[in-house]
Amino acid sequence: MGFTFCSLASGSSGNCQYIASEDTHILVDAGLSGKKIKECMDSIGKEIEKIQAILVTHEHSDHTKGIGILSRRYNIPIYANEKTWNEIMGKIGKVDEENIKVFNTGEEFLINDVKVKPYEVSHDAADPVAYSFFRNDTKITIATDLGHVCDNIKNEIRDSDLLLLESNHDVEMLKMGSYPWFLKKRVMGDQGHISNEVAGETIAEILESNGYIGHVLLGHLSRENNFPELAYQTVKNILEDKKIKIGKDITIDLTYRDRISKVYEVKKKL
């Protein structure tokens, strides 16, 4: 058996991803209120009381808003690297000492039957990470807030049965939009967010180099500088231009800023 996955929210308004095996239940980030996250869990028929870990990608509030209240209310351990803990400690309220879990970026660790690998990404935070999860040869990767996609990130996301990949903005919409120039520069910079085009090119490069990605979910879409149909179509066009067949070589779907995604049963690749 593999994983169950659902994006409870993905975007600048809040981020929270649910990953589970039969025996292990994990949240990646908790950037919504505790009440909202419980409502999302209830809506997919999952009990928040069963969550055994919250993994934090970085300290920005759209990823951390609810981590303190969830940890206190349901006695959930919070996992983050040391620099991220230094940033969030004191901002999320009191956390029991036993629920403060510190990992080293780049080093794998286990949460019950799930192996977790956190690895460095480029974003304007203290020590931001993406995560890959492994169980019985099945792999899920969550890679958002990337800024720049280097060769190491491409290597880490290869061979994912399910990949949640940032597809934050359309470059022309961003350039012509209402953001002040300093914010446009931040978003487009190497420590900001990647565009629809970069997301499509990243996927294509991996597949063209004989890598495997089973299913891609496009995530962290900007409310101001993107919309779901545009993100999907841009990535689809890039892949089809390179003779990559949607539905055969790879499948693509979306996550959402303001609602939950489908619930995916992610199985071992054939």
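**Pocket, cavities and nonpolar cores**

In this predicted model, helix α7 (residues 181–188) supplies the largest share of the lining of the largest pocket, namely 3 residues. The space in this pocket amounts to about 220 Å³. Its lining consists of 17 residues, of which S12, Y179, R186, V187 and H193 are the closest to the pocket centre. Sorted by class, the lining of the largest pocket comprises 9 polar, 5 nonpolar and 3 charged residues.

Enclosed space was also examined. The count of cavities of 30 Å³ or more is 2. The largest cavity holds about 50 Å³ of space and is lined by S10, N15, Q17, V28, D29, T57, H63, I142, T144 and L164. Of these lining residues, 6 are polar, 3 nonpolar and 1 charged. For the second largest cavity the volume is about 40 Å³. Its lining is formed by T57, H58, H63, V121, P128, V129, T144 and D145, with 4 polar, 3 nonpolar and 1 charged residues by class. T57, H63 and T144 appear in the lining of the largest cavity and also in that of the second largest cavity.

The largest nonpolar core contains 28 residues, and those with the most contacts inside it are L146, L165, I203, I213, L218, L239 and I250. At least two residues of this core are supplied by each of α5 (151–157), β11 (160–166), α8 (196–208), β12 (213–219), α9 (228–241) and β13 (251–254). The largest share, 5 residues, comes from α8. Another core, apart from this one, has 27 residues, including A9, V56, I78 and I88. Within the largest core, L218 is one of the residues with the most contacts. When residues up to four places away in sequence are not counted, L218 touches L164, L165, S167, A231, Y232, V235, I252, D253, L254 and T255.

Helix α8 has 13 residues and spans 18 Å from its first C-alpha to its last, close to the 18 Å expected at 1.5 Å a residue. The buried residues of α8 are N196, A199, G200, T202, I203, A204, I206 and L207. An α-helix has 3.6 residues a turn, so residues three or four places apart point the same way. The elements that cover the buried residues of α8 include α5, β11, β12 and α9. These four elements are also among those that each supply at least two residues of the largest core.

Positive phi values were found at several positions. N210, which follows α8, has a positive phi near 70 degrees. N75, a residue other than glycine, has a positive phi near 55 degrees and is located in the loop between α3 (67–74) and β5 (78–81). N75 counts as partly exposed because its relative accessibility is 44%. For K243, likewise a residue other than glycine, phi is positive and near 65 degrees. K243 belongs to the loop between α9 and β13, and counts as exposed because its relative accessible area is 71%.

Strand β10 (residues 138–143) includes T138. T138 is classed as buried because its relative accessibility is 0%, under the 20% limit for that class. With neighbours within four places in sequence left aside, T138 is in contact with G2, F3, F133, D161, V266, K267 and K268.

Conventions. Residues are numbered from 1 along each chain as its sequence is written. This is a predicted model: local features need pLDDT of at least 70, side-chain atom pairs count only at pLDDT 80 or more; totals for chains, interfaces and linings use all residues. Side-chain values use heavy atoms; hydrogens and water are left out. Buried means under 20% relative accessible area, exposed over 50%, partly exposed in between (1.4 Å probe, protein chains only). Contact means heavy atoms within 4.5 Å. On a 1 Å grid over the protein atoms alone, a cavity is a set of points where a 1.4 Å probe fits but cannot get out, and a pocket is an open set with protein on both sides within 12 Å along at least five of seven lines; lining residues have an atom within 4 Å of a point. Grid points are joined across faces, edges and corners, and a volume is the space filled by probe spheres set on the points. Ala, Val, Leu, Ile, Met, Phe, Trp, Tyr, Cys and Pro count as nonpolar, Asp, Glu, Lys and Arg as charged, and the others, Gly among them, as polar. A nonpolar core is a set of buried Ala, Val, Leu, Ile, Met, Phe, Trp, Tyr and Cys residues joined through side-chain atoms within 4.5 Å. The expected span of a helix is 1.5 Å times one less than its number of residues.
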